[in-house]
Amino acid sequence: MSVDETNSSALTLLQTCLGIVGGETLLIVYDKEHRGVLKPIRDAAHITGVSRVNDLLYVDEQTLTGVLSS
């Protein structure tokens, strides 16, 4: 996937799939293996008008599984 396709996909994810509009705050939680998709999502958030993208939070798979199971 090219950089333009990745950026376009990130914009579609935020606007169409998540329904994000300007003025909202976005928190991105990711795992180590998917670190590469963070920049396009962050860039798309700024284009969309998100007022704040919280610091990216890394949690390991075991912690994430525990949080989601609760």
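How do the residues of the lining of the largest pocket divide into nonpolar, polar and charged, and what are the numbers in each class? In this predicted model, the lining comprises eleven nonpolar residues, one polar residue and one charged residue. The volume of the largest pocket is about 170 Å³. Its lining is formed by 13 residues, of which Ile-28, Val-29, Val-37, Leu-38 and Ile-41 lie closest to the pocket centre. Two or more lining residues are contributed by each of the elements α1, β2 (29-30) and α2.

Two of these elements, the helices α1 and α2, also pack against each other. Helix α1 spans residues 3-17 and helix α2 spans residues 38-48; their axes are 8 Å apart and form an angle of about 60 degrees. The two helices are therefore oblique to each other, and their crossing is right-handed. On the α1 side, the contact involves Thr-6, Asn-7, Ala-10, Leu-11, Leu-13, Leu-14 and Gln-15, which meet Pro-40, Ile-41, Ala-44, Ala-45, Ile-47 and Thr-48 of α2. By class, the residues of this contact comprise nine nonpolar and four polar, with no charged residue. Ile-41 thus appears both in the contact of α1 with α2 and among the residues closest to the centre of the largest pocket.

A further set of contacts concerns strand β1 (residues 25-26), in which Thr-25 is found. The C-alpha atoms of Thr-25 and Val-53 are separated by 5.8 Å, although the two residues are 28 residues apart along the chain. Beyond its neighbours within four places in sequence, Thr-25 is in contact with Val-50, Ser-51, Arg-52 and Asn-54.

Key:
Residues numbered from 1 in each chain as written. Predicted model: local features only at pLDDT ≥ 70, side-chain atom pairs only at ≥ 80, totals over all residues. Heavy atoms only, no water. Axes fitted to C-alpha atoms, helices over the stretch in contact; angles between N-to-C directions. Helix = DSSP H or I, 4+ residues; strand = E, 2+ residues; numbered from the N terminus. Parallel < 35°, antiparallel > 145°, perpendicular 65-115°, else oblique. Left-handed = near helix turned anticlockwise from the far one by under 90°. Contact = heavy atoms within 4.5 Å. Nonpolar A, V, L, I, M, F, W, Y, C, P; charged D, E, K, R; others polar. 1 Å grid on protein atoms, 1.4 Å probe; cavity = no way out; pocket = protein on both sides within 12 Å on 5 of 7 lines; lining within 4 Å. Points joined across faces, edges and corners; volume = space filled by probe spheres on them.
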